[in-house]
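Please walk me through this protein model. Start from one side-chain contact, then work outward to the overall fold and the pocket.

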Amino acid sequence: DLLGSILNSMEKPPSASTERNKMMQKQKKIMEKQQAAQKAKLNSFREKIEKEINEFIQDSQKQKHKFAPMDKVYRNIVHDVADIAGLCAFAFGEEEVDRYVMIFKKEHAPSDEELAAYRKGVEYDPQKAKELALQKEKERLQELEESKTRKQQAEPVNNYAAKYEKLVGSDAGIAAAKIATPNKQFGFVNSEQKKDKRSIEQTLADIQAKKKLKKSNEDKETPNKDD
């Protein structure tokens, strides 16, 4: 009939699934647009960094260059461009607060002391660093000398050749050292010196002489009974 024909010719309301698909397509387009904008922004930033780093390389007076604090995604771009350019790059500061990147020409790579200063958030002073390094080296040498002196004082004096050389000269010192070489059994007297080198006859004669001398002394000391 006429009413049915009119109703059939009218557009039907979209189903739930059709509406959801349209919404997803719309969100997808928005996301793609945002990603494209972000990509363009990063590409623009990279071009800016490449130009800035190229100017730094061309400037023979500059040894280092400090960038403004930036988010991690931008710092990664700086690191990448610096690495490609053959530069040294380091990040300093607190994350999400003031972290920044500093680049150095490789022939002027920073020392450990310089990096330590930047990590502490202080400006590096080459002159002060040089003075500090000299002071540390001086203290190290002084400590080494004191340690050597303490070691020498702790060691026992057993170089008798050197000891006697100071007193009587080199040759005599060596001879004296041989005589006074410590002996575990006889002390500081050479065992060779303790040997009796007299002949038997001389020994017997010496014994008889000692006996006569002793008897003579006893006779002198004994009082006379008639006194």
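## From one contact to the whole chain

The side chains of His65 and Glu52 are joined by a polar contact of 2.7 Å. The model behind this distance is a predicted one. His65 sits in strand 1, which covers residues 64-66. Is His65 buried or exposed? Its relative accessibility is 14%, so His65 counts as buried, the cut-off being under 20%. Setting aside residues up to four places away in sequence, His65 touches Glu52, Phe56, Val101, Met102 and Ile103.

Now step back to the chain. It has eight helices and three strands. Along the sequence they run α-α-β-α-β-β-α-α-α-α-α. The protein chain holds 227 residues, and 15% of them are buried. Consider the contacts with a separation of 6 or more. Residues 24 or more positions apart account for 45% of those.

Strand 2 comes next. Ala89 is found there. Its relative accessible area is 22%, so Ala89 is partly exposed rather than buried. Which residue lies 14 positions from Ala89 along the chain, with its C-alpha atom 4.3 Å away? That residue is Ile103. Ile103 is also one of the residues that His65 touches. Beyond its neighbours within four places in sequence, Ala89 is in contact with His79, Ala82, Val101, Met102 and Ile103. Val101 and Met102 are likewise on the list for His65.

Helix 3 spans residues 72-84 and contains Arg75. Arg75 carries a charged side chain, yet this residue is buried, with a relative accessible area of 5%. What does its side chain meet? It makes a polar contact with the side chain of Glu95, at 2.8 Å. Neighbours within four places in sequence aside, Arg75 is in contact with Met70, Glu95, Arg99, Tyr100 and Val101. Val101 thus appears here, as well as among the contacts of Ala89 and of His65.

Move one residue on from Glu95. Glu96 belongs to the loop between strand 2 (88-92) and strand 3 (100-104). Its phi is positive, about 65°, although Glu96 is not a glycine. Is Glu96 buried or exposed? At 78% relative accessibility, Glu96 counts as exposed, because the cut-off is over 50%.

After strand 3 the chain enters another loop, which leads to helix 4. Lys105 is found in this loop. Lys105 is buried, with a relative accessible area of 7%. Its C-alpha atom is 5.8 Å from that of Gln63, though the two residues are 42 apart along the chain. Outside its neighbours within four places in sequence, Lys105 is in contact with Phe56, Ile57, Asp59, Ser60, Lys62, Gln63 and Leu87. Phe56 is also touched by His65.

Next is the loop between helix 4 and helix 5, the place of Asp125. Asp125 is partly exposed, with a relative accessible area of 32%. Its side chain reaches the backbone nitrogen of Gln127 at 3.1 Å. Asp125 and Glu114 are 11 residues apart in sequence. Their C-alpha atoms are 8.2 Å apart in space.

Asp125 also leads to the largest pocket, as one of the lining residues. The others are Glu113, Ala116, Ala117, Lys120, Val122, Glu123, Tyr124, Lys128, Ala129 and Leu132. About 190 Å³ of space lies in this pocket. Which helices each supply at least two residues of its lining? They are helix 4 (112-119) and helix 5 (126-154). By class, the lining has six nonpolar and five charged residues, with no polar ones.

Where does the largest pocket lie with respect to the domains? Domain 1 (22-123) and domain 2 (126-154) both give residues to its lining, so the largest pocket lies between them.

Methods: Residues numbered from 1 in each chain as written. Predicted model: local features only at pLDDT ≥ 70, side-chain atom pairs only at ≥ 80, totals over all residues. Heavy atoms only, no water. Helix = DSSP H or I, 4+ residues; strand = E, 2+ residues; numbered from the N terminus. Buried < 20%, exposed > 50% of the residue type's maximum accessible area, 1.4 Å probe, protein only. Polar contact = N/O pair within 3.5 Å; in protein donor to acceptor, adjacent residues only side chain to side chain. Contact = heavy atoms within 4.5 Å. 1 Å grid on protein atoms, 1.4 Å probe; cavity = no way out; pocket = protein on both sides within 12 Å on 5 of 7 lines; lining within 4 Å. Points joined across faces, edges and corners; volume = space filled by probe spheres on them. Domains from an automatic or database assignment.
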